[in-house]
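Colleague: Before I use this model, I would like to go through some of the labels attached to it. Please give the reasoning behind each one.

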Amino acid sequence: MQSAVVAADTRHLPWAHLGLALLWALTTAAVGTAAFTLHTRCRLGALHRTWRLPPLRHRVYRRAGVNDPELRAGYETCRRLVRRSGQTDYAVTQLVPAPLRPLLWAMYGHGRVLDDLSDSGRADAAERIDAWVRAMEEDLARGTSTDPVRRALTHAVTTWDLPTGQLPASFATYRRDAAERPGFTSWEQWHAYWHALSFPVGVTRLATLLGEATGTRLGPRDAEALRRWTDAFNLVDALRDLRQDAHLGRVALPLPVLAAHGVTLADLRTGRRTPQLHALVRELAVTAHGWLDDADGLADRHPALAASWRTLIRLQRLQLRALERGRPRSGGRRGTGRLRRALVLHTGRLHAALNWRRLGPVLTPPQGARVPAPPPPLTPVVPRPRPAEPPLPPRPHAGGARPPAGLGDRVPRHVAIIMDGNGRWAAERGLPRPRGHAAGQSALRDVVYGALELGIPHLTLYGLSTENWKRPAAEVEEILRLLGEGANADREEVFARDVRLWWSGLPEGLPAGLLDALESTVRRTAHRRGLTLTLCVNYGGRAEITAAARKLAGDVAGGGVHPSAVTAPLFARYLHRPALPDVDLLIRTGGDHRLSNFLPWQAAYAELVFLDTLWPDLDRTGLWRAVETYARRERRFGGLGEAVAQGRMEST
Ligand code: IPE
Ligand code: IPE
Ligand code: MG
């Protein structure tokens, strides 16, 4: 009976309504699940960002030997910067074997920061770049940094033995860029500019690492292929950003090329695709395709390299085609372009990954036995500062003299002194010459205190020249003994003050005791910032420049430095003490008017002050007088004096 009722009820059920209810329930469940998943994903994503990395990235870091969370955070900052830079930039990093990926993020990320600084359009952009560069140099010397990007790059540099020799050249380019964006007048200039920017930290080194991984020795032809691809990359970038750059009043192409097509900045700013612009883009796209053809050669070297390299070339060609069709951002967010790009990239990544995997763990992270020695630092590597006693204030002047007031920003940043006249001082008193040198020690101390009181950041003293070996052995020995005593932080009172010691010169021929004293005091005072006292021992300007030229020539011959990248800042990097700034004021005591081979590179634009006082008779008041003379001088650096410039302004 009951079952009959049920059967009857079932028969009369409103099926349409039931169906609708079911559909409604399913839709609600689906929407609910989707919302829940999305919400959870977002939360998980946020969590990953804050305290955990996605498992795949975690693996990349593990394989790169980057285990420290702070370091990983630094590399992550760089990675995000690369991602923001553009698809091709990021694709490059996706196509190299996992252990090398963080290295590339650091290199690109650092370049991005400098790029952003130089493109910021801010009035103080050049100063900001200077500050960044100074901090970078110090970080490289210390081997770590408080800034995440610099921390990652410093780690990458020391881990993978990146050549830092070309860094100053690229820094100088960014700085020049910030001050004034160059208008390229030829393709040669265009190439030289981009090579100085693209190759500085380690593209060449990266190529060598990839060569090592694949057991291929990459030669000059491969380096050329790499260069060609980079050229194509920069050309595509320049074409893509034409309109945007034109709004900033510049264009990243040789100006004669634009002129030849009758294209002006004003045309570019409108963004209209005039027939002239179309012809220009078509012609340059052909050029870029040609460069990509040249770059193809690298792919023949090894299947693992081929998979990555060909993908990069294909991605560039896709971009070029999009540009030719007049879609600067194609391959971008939407449509078939995006799909095609994703297909090329992901197939390429798959191929590359399989091929790299087949090679096994060839690129070992830093802990491995194949780790290269860290590169010679810009300034000596120093241990983290010990919690040291606070430095003592400078001893006051015996006669109570106080430093001159009101010099403001006219205090020189770097004073160098030729401490001459010791021998004559002794002779005047009927004493042997070495007594003159001994008497010179107290003058030295007093002058150091005077520099500290005046706030001079750098003081460089000529202690022994490469030519002084011509003197009688006993005199040279006495000078060396006194220098050793003076450099000994345990015995020399100036090192209880806020003084950091550097030394400059050739170690060859110097007694081991003196070298030990110099090196240990350099290390022990490295954290001090008041005054940097550089002692030139066995120093000769010509010897310094010759040694620098020898090292640079070696790097050029080895392919690490391209001849077009050799600039004055790059050359300076090879000097004994690259961080030593230019000399503002050079003083010579003892009445002679010559430089005696002292700091010819650094003092190229120094103001010279010659004093008749013999060195042992000098005290800090003599230094202050020389600084006052300096402060009254007008430095023109080849330009026009203020009065002349003012006159010119008024007459125009
Ligand atoms: C400079 O004094 C000190 C050194 C060369 C170490 P000199 O010894 O040259 O003194 P003069 O010039 O002979 O008086
Ligand atoms: C320069 O003085 C060297 C030092 C002060 C260390 P010199 O006395 O040796 O120079 P010259 O020989 O007069 O040029
Ligand atoms: Mg002399």
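**Ligand shells and a helix**

Modeller: In this predicted model, helix 19 (422-428), helix 20 and helix 21 (473-487) each supply at least two residues of the shell around ligand 1. Helix 19 gives the largest share, three residues.

Colleague: What makes the pair between G423 and ligand 1 a polar contact?

Modeller: A backbone N or O atom of G423 lies 3.0 Å from an oxygen atom of ligand 1. The cut-off is 3.5 Å, so the pair counts. The side chain of R433 also qualifies, with an N or O atom 2.9 Å from a ligand 1 oxygen. The protein buries 86% of the 380 Å² that ligand 1 exposes when taken alone.

Colleague: Why is the pair between R588 and ligand 2 called a polar contact?

Modeller: An N or O atom in the R588 side chain is 3.4 Å from an oxygen atom of ligand 2. That is within 3.5 Å, so the pair is a polar contact. For the S596 side chain the corresponding distance is 2.6 Å. Of the 390 Å² of accessible area that ligand 2 has on its own, the protein covers 79%.

Colleague: How do you know that the span of helix 20 agrees with its number of residues?

Modeller: Helix 20 (residues 433-454) has 22 residues, and at 1.5 Å a residue it should span 32 Å. Its end C-alpha atoms are 32 Å apart, so the two values agree. Just after helix 20, G455 takes a positive phi of about 80°.

Key
Residues are numbered from 1 along each chain as its sequence is written. Chains are lettered from A and ligands numbered from 1 in the order in which they are written. This is a predicted model: local features need pLDDT of at least 70, side-chain atom pairs count only at pLDDT 80 or more; totals for chains, interfaces and linings use all residues. Side-chain values use heavy atoms; hydrogens and water are left out. A polar contact is a pair of N or O atoms within 3.5 Å; within protein, one must be able to donate a hydrogen and the other to accept it, and residues adjacent in sequence count only if both atoms are side-chain atoms. Accessible areas come from the Shrake-Rupley method with a 1.4 Å probe; for residues, only the protein chains shown count as cover. Helices (H or I, at least four residues) and strands (E, at least two) are DSSP runs, numbered from the N terminus. The expected span of a helix is 1.5 Å times one less than its number of residues.
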